[in-house]
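Work through the following exercises with the coordinates open. Each task is followed by a stepwise solution.

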Number of protein chains: 2
Amino acid sequence: MNASKRIFLAEVREQPTSLLTLLEHVGAFVEVGRACAERKPATVRLVGHGSSDAAASYGVYAFGLLPGWTALRDSISLSVYYGAELDFSSSVVIGLSQSGRTPDVVSYVERARERGALTVALTNDPASALAQAAEVTLPLEAGEERSVAASKTFFNELAALALLAGAAAGREDEIWDGLRRVAVLLGDAIPELEATVVPLATTFAYVGRMYVIGRGVELGTAREIALKLTETCRVAAEPLTSTDLAHGPIAALDSMFPVWTIASHDECLPALIDAAARVRGAGATIVASGSAAAEVEGAEWRLPVPKAPLAVLSPLLSVVPGQLFAAALAEAKGLDPDRPERLTKVTLAQ
Amino acid sequence: MNASKRIFLAEVREQPTSLLTLLEHVGAFVEVGRACAERKPATVRLVGHGSSDAAASYGVYAFGLLPGWTALRDSISLSVYYGAELDFSSSVVIGLSQSGRTPDVVSYVERARERGALTVALTNDPASALAQAAEVTLPLEAGEERSVAASKTFFNELAALALLAGAAAGREDEIWDGLRRVAVLLGDAIPELEATVVPLATTFAYVGRMYVIGRGVELGTAREIALKLTETCRVAAEPLTSTDLAHGPIAALDSMFPVWTIASHDECLPALIDAAARVRGAGATIVASGSAAAEVEGAEWRLPVPKAPLAVLSPLLSVVPGQLFAAALAEAKGLDPDRPERLTKVTLAQ
């Protein structure tokens, strides 16, 4: 038994409840989504670090698929450090930060606002510097997150981005309803998933490196799961798209270098299945997660989740096996996921 | 001795010459750069896989810093697999591919052109499918690249993006002159760098995981060096920005998990130096490369390169120690960098 109070695990379990709390604010999301749509933005610029940056990867797809807008994880360095003279006048900017205190995210949002962007803060703290810097603040409503490793913040960031993108597309009712159903499906699925990850964690206790493969809407999920495994379990876990894998990293695989695949029911599934076949050919162990886990041939381990009511909402289900596995693997390794070494809840690094 | 004919190493050495060949085409770059500028693009969308995607990361900064345009590594999935209805009418699209045969890059460029983008192909093969799909083709002039692991293609992609971005900003003379001087500086530096990487490779022969840290213009360099180490040396090498490192991965470091840092003389140097201090605090070995390698305190190994005539051209010098180290490490491990396992020169994966 390690000293962990299992706060991280408790917070993973809270996610369905946090999501329902967020959904109570649908009115605010609709209002901001409409304001974004009036702007007819050439770009939606998403900025954040760590888990918030992983959520931004999801935002690229949520805005691309729902209102059909070009969204990007913008370079903070270009504006904040290099002082590049970019045109923000036809942009919506979304700053993502649990604490609202990430210094260069705040600086970026300040500059973007001065340059004419419609700036939106997504944060747990409506009194934070980020909230003050942005023209509009939307609540994350993840509640107090006490584990250093984030879970419910990321989860509610996904939901918030889906709701905002849905509102921008005039599809808020459909997304709201889908998210409500996700909360129910997830609440039902968590107990069995928790049991399933335990033997997997025991088997993987000595693994030092992994790839986490996702594509399209699941790229952000892959980034978040890899980050959890890295920070809580000290595994060198790298997120890759299925195509990235084929363009080089496949050469590094062997039987001690397992690959976590996120297979969801959407247009990227064939590419994911193709990538898994290459992994199998390299003799590496495959963990298949996601709603389409059963379709990944040759997987040694399967962690299926219910199919999302809408494909664009799949990541809210797909991320959870990864979070639970990270908690179990940290336990198996005698590490404390609530307090990873050298990390603090608010990172003030440049 | 392994069976390698050392083609990869020979191609790394050819880079100064390949660059000079590319520079003969400056007229074509100026013409296309002007056409891009007339379009007053809301976005420059860069697409490619593997090394070409790493070069695209550099393009984000080249276009951001020179003409002040918003460039992004666009999602191929969104357009090609999901069929998202994005507006390309005010975009310039640049498709990057050594062979010009990467299937989904070709599909992406076809769709972007149909939707009104100004499409530019950057490829070694002007008769390729990519060149046919795009409205305009610019030559890479890297010559035949026989090693499966790319080097001079990536290198000339950087130069081509700098030249195009420079032409778009009306600064082609300055960039052309800077690149010529880079070719000379690099030619002079390679012999000593080759000698310096040999003892480093011997020491690192049993390393299984590394981080490669770069920020701003050097992010693409970090991505390319990590990719070389992964594909030619089977090291799990992950590229990170200095900020990414602080937001999680720092927790995974230990004395057997070394960190390669790329320190160049530009506005991101303080962030890089700060990240290196965190790495040192974690007890990990630091390799300091780049023109500002001497400023990284506590580095066990230093691989300095000459300072670039213009900071935006730094990556053309910074990438070379990484390429040479990958060649030497593969040799030390008895691997053949010309023919990594499970890879072919043209990747046709989705």
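**Exercise 1.** In this predicted model, determine how many bridges join strand 1 of chain B to strand 2 of chain B, and what unit the two strands belong to.

Solution.
- Strand 1 (residues 43-47) of chain B runs parallel to strand 2 (residues 71-73) of chain B, and 3 bridges join them.
- Within this pairing, B:Val44 has B:Ala71 as its bridge partner.
- With helix 4 (residues 51-65) of chain B added, strand 1 and strand 2 of chain B make a β-α-β unit that is right-handed.

**Exercise 2.** Find which residue of strand 3 of chain B is the bridge partner of B:Val44, and explain why strand 1 of chain B counts as largely enclosed.

Solution.
- Strand 3 (residues 91-97) of chain B runs parallel to strand 1 of chain B, with 5 bridges between them.
- The partner of B:Val44 in strand 3 of chain B is B:Val92.
- In a regular strand, side chains alternate between the two sheet faces.
- B:Thr43, B:Arg45 and B:Val47 point one way from strand 1 of chain B, while B:Val44 and B:Leu46 point the other way.
- Buried means under 20% relative accessible area; 5 of the 5 residues of strand 1 of chain B are buried, so the strand is largely enclosed by the rest of the structure.

**Exercise 3.** Establish the strand order of the open sheet of 5 strands in chain A, and identify its edge strands.

Solution.
- The order is 7-6-8-9-10, with parallel pairing.
- Strand 7 (236-240) and strand 10 (301-304) of chain A are the edges, since each pairs on one side only.
- Neighbouring strands of this sheet are turned by 15° against each other on average, direction ignored.
- Helix 9 (residues 172-203) of chain A packs on the sheet and touches strands 8, 9 and 10 of chain A.

Key. Residues numbered from 1 in each chain as written. Chains lettered and ligands numbered in written order. Predicted model: local features only at pLDDT ≥ 70, side-chain atom pairs only at ≥ 80, totals over all residues. Heavy atoms only, no water. Pairing = 2+ DSSP bridges. Helix = DSSP H or I, 4+ residues; strand = E, 2+ residues; numbered from the N terminus. Axes fitted to C-alpha atoms, helices over the stretch in contact; angles between N-to-C directions. Contact = heavy atoms within 4.5 Å. Buried < 20%, exposed > 50% of the residue type's maximum accessible area, 1.4 Å probe, protein only. Right-handed = clockwise from strand over helix to strand, strands pointing away.
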